[in-house]
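Trainee: Could you take me through the salt bridges in this one, slowly? I'd like to see which side chains pair up and where they sit.

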Amino acid sequence: MKIALLRRYVVLADTLHFPRAAEELGIPLASLYTSLDKLEDEVGHALIHREGTPRLTHVGELFLEEARATVAAAPPPAPKTVAPAGGKAKASKGRGRAPIVKGQPKPYKKRQGR
């Protein structure tokens, strides 16, 4: 069982609100639903009643205690690295075409190159 799935389940069980839990975790809502489905498949039972207001099932309450203990014993998640801003600089490859200026005719090649 993945620690990330357990962390998501614990946050969802604490809030009992799918959109708020997804926002708190910083993931898309669809990803939270997929994570819960994977976790329920691994456990073999439904963990949350999804009709109406979400609430934990009996199995979900028992599993929550185990999940909290596992998450507490696990090391904290690694911080996400942010890529530096800006892109790769492009090298100039010859003269190319001059930029189009509004109100002036488009620049064309004067003769064919060989």
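Mentor: Sure. Let's fix the term before we count: a salt bridge here is a side-chain nitrogen of Lys or Arg within 4 Å of a carboxyl oxygen of Asp or Glu. Bear in mind that we're looking at a predicted model. With that cut-off, searching the whole structure turns up 3 salt bridges.

Start with Arg68 and Asp14, whose closest N and O atoms are 2.2 Å apart. Arg68 belongs to helix 4 (residues 58–73) and Asp14 to helix 1 (residues 3–15), so this pair ties together parts that are 54 residues apart in sequence. How exposed are the two partners? Arg68 has 39% relative accessibility, which makes it partly exposed, and Asp14, at 46%, is partly exposed too.

Now move over to Arg50, where there's a bit more going on. Its side chain meets that of Asp37 in a salt bridge, at 2.7 Å from N to O. Arg50 sits in the loop between strand 1 (48–49) and strand 2 (55–56), while Asp37 is in helix 3 (residues 29–43), so the bridge ties together parts 13 residues apart in sequence. Both ends count as partly exposed: Arg50 comes out at 33% relative accessibility and Asp37 at 34%.

Arg50 also forms a salt bridge with Glu40, this time at 3.5 Å, N to O. Here too the pair links distant parts of the chain, with Arg50 in the loop between strand 1 and strand 2 and Glu40 in helix 3, 10 residues apart. Glu40 has a relative accessible area of 13%, and because buried means under 20%, it falls in the buried class. Put those pairs together and you get a network of salt bridges linking Asp37, Glu40 and Arg50.

While you're in that region, have a look at strand 2, since Leu56 is found there. Leu56 is buried, its relative accessible area being 17%. Setting aside neighbours within four places in sequence, Leu56 is in contact with a list of residues including Tyr9, Ala13 and Leu16, along with Leu47, Ile48 and His49. Glu61 and Leu64 are among its contacts as well. If you want a distance to check, Leu56 and Leu12 are 9.8 Å apart in space, C-alpha to C-alpha, with their positions 44 residues apart in sequence.

Note on methods:
Residues are numbered from 1 along each chain as its sequence is written. This is a predicted model: local features need pLDDT of at least 70, side-chain atom pairs count only at pLDDT 80 or more; totals for chains, interfaces and linings use all residues. Side-chain values use heavy atoms; hydrogens and water are left out. Helices (H or I, at least four residues) and strands (E, at least two) are DSSP runs, numbered from the N terminus. Buried means under 20% relative accessible area, exposed over 50%, partly exposed in between (1.4 Å probe, protein chains only). Contact means heavy atoms within 4.5 Å.
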